[in-house]
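Open the model in a viewer and keep the selection tool at hand. The stops below go from one helix out to the whole chain.

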Amino acid sequence: MSTQQHPPAPPAAQPRLGAQERLVRSTQELLWERGYVGTSPKAILERAGVGQGSMYHHFSGKSDLALAAIRRTAEDMRAAAEECLAAPGTAYDRVAAYLLRERRVLRGCPIGRMTQDRDVVQSAELRAPLDEMFGWLQERIAEVLTEGVRRGELAAGLDPEATAATVAAVVQGGYVLARAADDPAPFDAAVRGVLALLAAQATGSAPGPAPATDGR
């Protein structure tokens, strides 16, 4: 997933970062690797290379720190998606850029994986950044598709909201299928499929075939 798909550098590689930043970055990484339940305060402290006193100086506890990390990850994902969706080109080109950008598919979506944690989804506070991110993404894709219809790039009968929901569902479902198979091929196939459906709605010269994703 471009920026958000690359894990934070380990503490040894970022000696100039303050304790608070190391704690947030380490928690981002551990949540992605282990989920909320599997991320213990001890593991966070070891990964960040800070003492317990530093953690409780900046955060009230694991939940508070996890919220900061989830918010950061959601912000990173939003920035990376916006870079693709705001780029020059047709609506098809921009949505394709989002779907085909580099992703570490077998690790799963760092935000999507949080929805599989019972403790996260049962907490209104921890769940809020997830709801906001997915809501924003669907709205933003729908905006791009609406613009494409208005410009005559896409068929007038296209439903931007429904199509945007499909795109978002394909990405998240593709992650699940790829992780289940331990192979990025199902994700790539899902992306190619939704791009073929979108290409069929394009007017004028048809877009070229979609390349495979990086699959990392």
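Start with the surroundings of helix α6: in this predicted model, the cover over its buried residues includes α5 (62–85), α8 (124–150), α9 (160–181) and α10 (185–199). Show these four together with α6 itself, residues 91–100.

Next, select α6 alone. How many of its 10 residues are buried? The count is 7, so the helix is mostly covered, buried being under 20% relative accessible area. To see them, pick A91, Y92, R94, V95, A96, Y98 and L99. An α-helix has 3.6 residues a turn, so residues three or four places apart point the same way. With that in mind, look along the helix axis with A91, R94, V95, Y98 and L99 highlighted, which are among the buried residues of α6.

Now zoom out and colour by secondary structure. The protein has 10 helices and 0 strands, so every element in the run from the N terminus is α. Of the 216 residues, 44% count as buried. Turn on the surface: the accessible area is about 10,200 Å², and carbon and sulfur atoms hold 52% of it.

For a contact map, take residue pairs at least 6 apart in sequence; 70% of the contacts between such residues join residues at least 24 apart.

Last, colour by pLDDT. The mean is 88, and 87% of residues reach 70 or more. Which stretches fall under 50? Select residues 1–9, where pLDDT stays under 50 and the model has 40 contacts beyond four places in sequence. Then select residues 205–212, also below 50, with 10 contacts beyond near neighbours in sequence.

Definitions and conventions: Residues numbered from 1 in each chain as written. Predicted model: local features only at pLDDT ≥ 70, side-chain atom pairs only at ≥ 80, totals over all residues. Heavy atoms only, no water. Buried < 20%, exposed > 50% of the residue type's maximum accessible area, 1.4 Å probe, protein only. Helix = DSSP H or I, 4+ residues; strand = E, 2+ residues; numbered from the N terminus. Contact = heavy atoms within 4.5 Å. Areas by Shrake-Rupley, 256 points an atom, 1.4 Å probe, with all protein chains shown as cover. pLDDT = per-residue confidence, 0-100.
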